[in-house]
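Colleague: Mind walking me through this one? I'd like to hear the reasoning behind the labels.

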Amino acid sequence: MTKRIIIDTDPGQDDALAILLALSVPDELEVAGITAVAGNVRVEQTCVNALRICQLAGRPEVPVFAGAAGPLMRPLHTAEFICGADGLAGMALPAPRQAAREVHAVTYLTEVLRASVKPITICALGPLTNIALALRMAPEVAARIERLVIMGGARDLGNMTAAAEFNFFVDPHAAAVVFDSGVPITLFPLNATYQAVASPARLAGFDDTGHVQAQVLSMLRRERPGGASLGGGEGHPMHDPCTVAWLLWPELFEGRDCRVDIETAEGPTVGRSTIDWWGRGGQPPNAHVIGTLDADAMFERMALCVRGLDDKVTEKAAE
Ligand code: BDR
Ligand code: CA
């Protein structure tokens, strides 16, 4: 049965691959909409990037909405030093022909959740600002979210500071609202997503004669700013695609139910996620936290899916 999802995102190269993966399997995932948030780059650009990726996938009709321009309480931190000035360094994508919808992403989220007959799953790939605002504006929509599949946090070291992962560092207050909401959550922290490194061996399944695959390869083969010093080693870590891959192939992942708390106080640990992996605190779990994954199988399957996108784009062009 097709699962209805919304992707809340700040593309970002790994966000781009997550979106492409979701759009490649329309029989399994119906992408109802994409909501853009400020994160890797400013929201005007993450919104344009979401539109460019839908266009690349041959799916320009997917509605894209611009959301929060900055975190709830803190100044915006962006990550051009990793993603490049336009957020999608390594890809060469034309400007989108479609425009974003007029409605604000948070309004869209509350309206679509209220109106949907069945609860909707949300893949949250950036700072959680849009999701927290939707939960604050319309608390009743919490019950309309089937599950939040979130990339964020870390069980050990962060990648933005020693303590904090980027998405939770950018908007810790939003993350705290979300983890307090009672919505079922699956969390992919860094220690899981750093297993999903796009190493040369794992890229063997992509074939650059297809346009979509060529763009993906060019993005994944580009030089890594900071080299291996930021974790991963042999290639770019594909944090965000893990969330979509989990929806498609849960058998590739293992985790456990844990209590997750987010540090909101300013200081060296702001944005840190305290993940009670061993259940020491005795608090009830508020998330299913992924610990390990079969990254080789995940990349093999992702490559097949992106190939499938190329086939669909070619078929459409021939019609
Ligand atoms: C997360 O931060 C972003 O830069 C990536 O897109 C990912 O969502 C990893 O910390
Ligand atoms: Ca992201």
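Modeller: Sure, and keep in mind that this is a predicted model. Helix 1 (13-23), helix 3 (80-83), helix 6 (166-170) and strand 8 (236-237) each give at least two residues to the lining of the largest cavity.

Colleague: What makes it a cavity rather than a pocket?

Modeller: A 1.4 Å probe fits there but cannot get out, so the label is cavity, whereas a pocket is an open set. Searching the whole structure turns up one cavity of 30 Å³ or more, and its volume is about 420 Å³. There are 26 lining residues, with D14, N40, I82, N159 and H239 nearest the centre. By class, the lining has 13 nonpolar, six polar and seven charged residues.

Colleague: Why is D10 called buried?

Modeller: D10 has a relative accessible area of 0%, and buried means under 20%, so D10 counts as buried. D15 is also at 0%, so the label is buried there too.

Colleague: How do you know which residues are donors to the calcium ion (ligand 2)?

Modeller: For Ca the cut-off is 3.2 Å. D10 (OD), D15 (OD), D15 (OD), L125 (O) and D240 (OD) sit at 2.2 to 2.6 Å, so they qualify as donors. Along the sequence, the donor residues follow the spacing D-x4-D-x109-L-x114-D.

Colleague: Which residues of helix 9 are buried, and what do they pack against?

Modeller: In helix 9 (residues 211-221), the buried ones are V212, Q213, Q215, V216, L217, M219 and L220. They pack against helix 1, helix 2 (43-56), strand 7 (197-198), strand 8 and helix 11 (295-318).

How values were computed
Residues numbered from 1 in each chain as written. Chains lettered and ligands numbered in written order. Predicted model: local features only at pLDDT ≥ 70, side-chain atom pairs only at ≥ 80, totals over all residues. Heavy atoms only, no water. 1 Å grid on protein atoms, 1.4 Å probe; cavity = no way out; pocket = protein on both sides within 12 Å on 5 of 7 lines; lining within 4 Å. Points joined across faces, edges and corners; volume = space filled by probe spheres on them. Helix = DSSP H or I, 4+ residues; strand = E, 2+ residues; numbered from the N terminus. Nonpolar A, V, L, I, M, F, W, Y, C, P; charged D, E, K, R; others polar. Donors = N, O, S within 2.8 Å, 3.2 Å for Na, K, Ca; no water. Buried < 20%, exposed > 50% of the residue type's maximum accessible area, 1.4 Å probe, protein only. Contact = heavy atoms within 4.5 Å.
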